[in-house]
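Biologist: I would like a close look at the charged pairs in this structure. Please also show me what surrounds them.

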Amino acid sequence: MATETERQSVIATAHRRYATRAFDPDRRVSPEDLRAILEAGRLAPSSFGYEPWKFLVVRDEELRAELAPLAVGAGAVLRGGAELVIILFKRGVVHDSPHAAHIVTDVLGVDFDPDADLSQMFKGFQEQLLGLSSPEDVDHWAQRQTYIALANMLSAAAALDIDSVPVEGFAVSAVTDLLAARGLIDPAEWGVSVMAGFGYRAEEIRPKRRRDYDEVVQVIG
Ligand SMILES: Cc1cc2nc3c(=O)[nH]c(=O)nc-3n(C[C@H](O)[C@H](O)[C@H](O)COP(=O)(O)O)c2cc1C
């Protein structure tokens, strides 16, 4: 069992993470710290281990300026010179897709065969258990998982005493078009899921406002 000190440390980190609305333009996250945050995203769990995501770190000032009017929710990040990470989801991750073949072959180190047990189990999981019955359903399933990577990155940043903000406040199709026009994504292959900013705050940490534990948690049995 963990010690009370260890438990309190986990809870303190959860309180420490808050949605930052003003970043200090004079303080940048070090490359080593940013790498650790991105690693926490890369190592996030995903269904069947298919990792249906990719992270774009947007440093290019021209692109950031073009994103600003399309991503009002990222205003503090862009104004404050914080690191902006755009999380993409992979489209069309089904049992016989090139992405599945890549994961099975290159990551799991197993010969890929769409008729093999592993691939068929994945097919049954998506179609029978989850009831994914359209390409849109499959893409929503992939997109949901990107939020696990997002959460891992936010928690990792907090553990390193780095401030962050998750960002959904952007025009999805306009940002997708912009990234495609810049040749950064093929929109048939990748969708824009969610963003996050990382930097150092230029404000006080806001205390948490949350529903009570007993309203949120119900123990059965
Ligand atoms: C998926 C998601 C999207 C969010 N989008 C934005 C956003 O676009 N801009 C922003 O300033 N905050 C955004 N937030 C921050 C929330 O408003 C904030 O997390 C919530 O009010 C709770 O406050 P706390 O994070 O400080 O505890 C987002 C949060 C989440 C989880």
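Modeller: I will start with the whole chain, then turn to the salt bridges, and finish with a pocket and a patch.

This is a predicted model, in which local features need pLDDT of at least 70, side-chain atom pairs count only at pLDDT 80 or more, and totals for chains, interfaces and linings use all residues. Residues are numbered from 1 along each chain as its sequence is written, and side-chain values use heavy atoms, with hydrogens and water left out.

First, the frame. The protein has nine helices and four strands. Both are DSSP runs numbered from the N terminus: helices (H or I) have at least four residues, strands (E) at least two. Read from the N terminus, the order is α-α-β-α-α-β-α-α-α-β-α-β-α. Along the principal axes, the C-alpha atoms fill a box of roughly 55 × 55 × 30 Å. Of the 221 residues, 41% are buried. Buried means under 20% relative accessible area, exposed means over 50%, and partly exposed lies in between (1.4 Å probe, protein chains only).

Now the charged pairs. Side chains of opposite charge can pair when their charged atoms come close. Here a salt bridge is a side-chain nitrogen of Lys or Arg within 4 Å of a carboxyl oxygen of Asp or Glu. The structure holds 15 of them.

Begin with Arg-7 and Glu-4. Their side chains meet in a salt bridge, at 2.9 Å from N to O. Both residues sit in helix H1, three residues apart, which is about one turn of the helix. Arg-7 is partly exposed because its relative accessible area is 32%. Glu-4 is partly exposed too, at 43%.

Stay in H1 for the next pair. Arg-16 forms a salt bridge with Asp-163, with the closest N and O atoms 2.9 Å apart. Arg-16 lies in helix H1 and Asp-163 in strand S3 (residues 163-167), so the pair ties together parts that are 147 residues apart in sequence. Arg-16 and Asp-163 are both buried.

A third bridge joins Glu-215 and Arg-211, with the closest N and O atoms 3.6 Å apart. Glu-215 counts as exposed because its relative accessibility is 53%. Arg-211 also counts as exposed, at 55%. Some bridges share partners: in this way Arg-16, Asp-161, Asp-163 and Arg-201 are joined into one network.

Helix H1 leads us on to the largest pocket. The volume of this pocket is about 350 Å³. Its lining has 13 residues, and the closest to the centre are Ala-14, His-15, Arg-17, Lys-208 and Arg-210. Helix H1 (4-16), helix H7 (135-159) and helix H9 (213-216) each give two or more residues to the lining. H1 gives the most, with four. The pocket is found on a 1 Å grid over the protein atoms alone: it is an open set of points with protein on both sides within 12 Å along at least five of seven lines, and lining residues have an atom within 4 Å of a point. Its volume is the space filled by probe spheres set on the points, which are joined across faces, edges and corners.

Last, an uncharged contrast. Val-107, Leu-108, Val-110 and Leu-118 make a nonpolar surface patch of about 300 Å². Patch residues have over 30% relative accessible area and no salt bridge; nonpolar side chains (Val, Leu, Ile, Met, Phe, Trp, Tyr) are joined within 5 Å, like charges within 9 Å. Areas come from the Shrake-Rupley method with a 1.4 Å probe. Leu-108 lies in the loop between helix H5 (98-107) and helix H6 (117-129). At 42% relative accessibility, Leu-108 counts as partly exposed.

Definitions and conventions. 1 Å grid on protein atoms, 1.4 Å probe; cavity = no way out; pocket = protein on both sides within 12 Å on 5 of 7 lines; lining within 4 Å.
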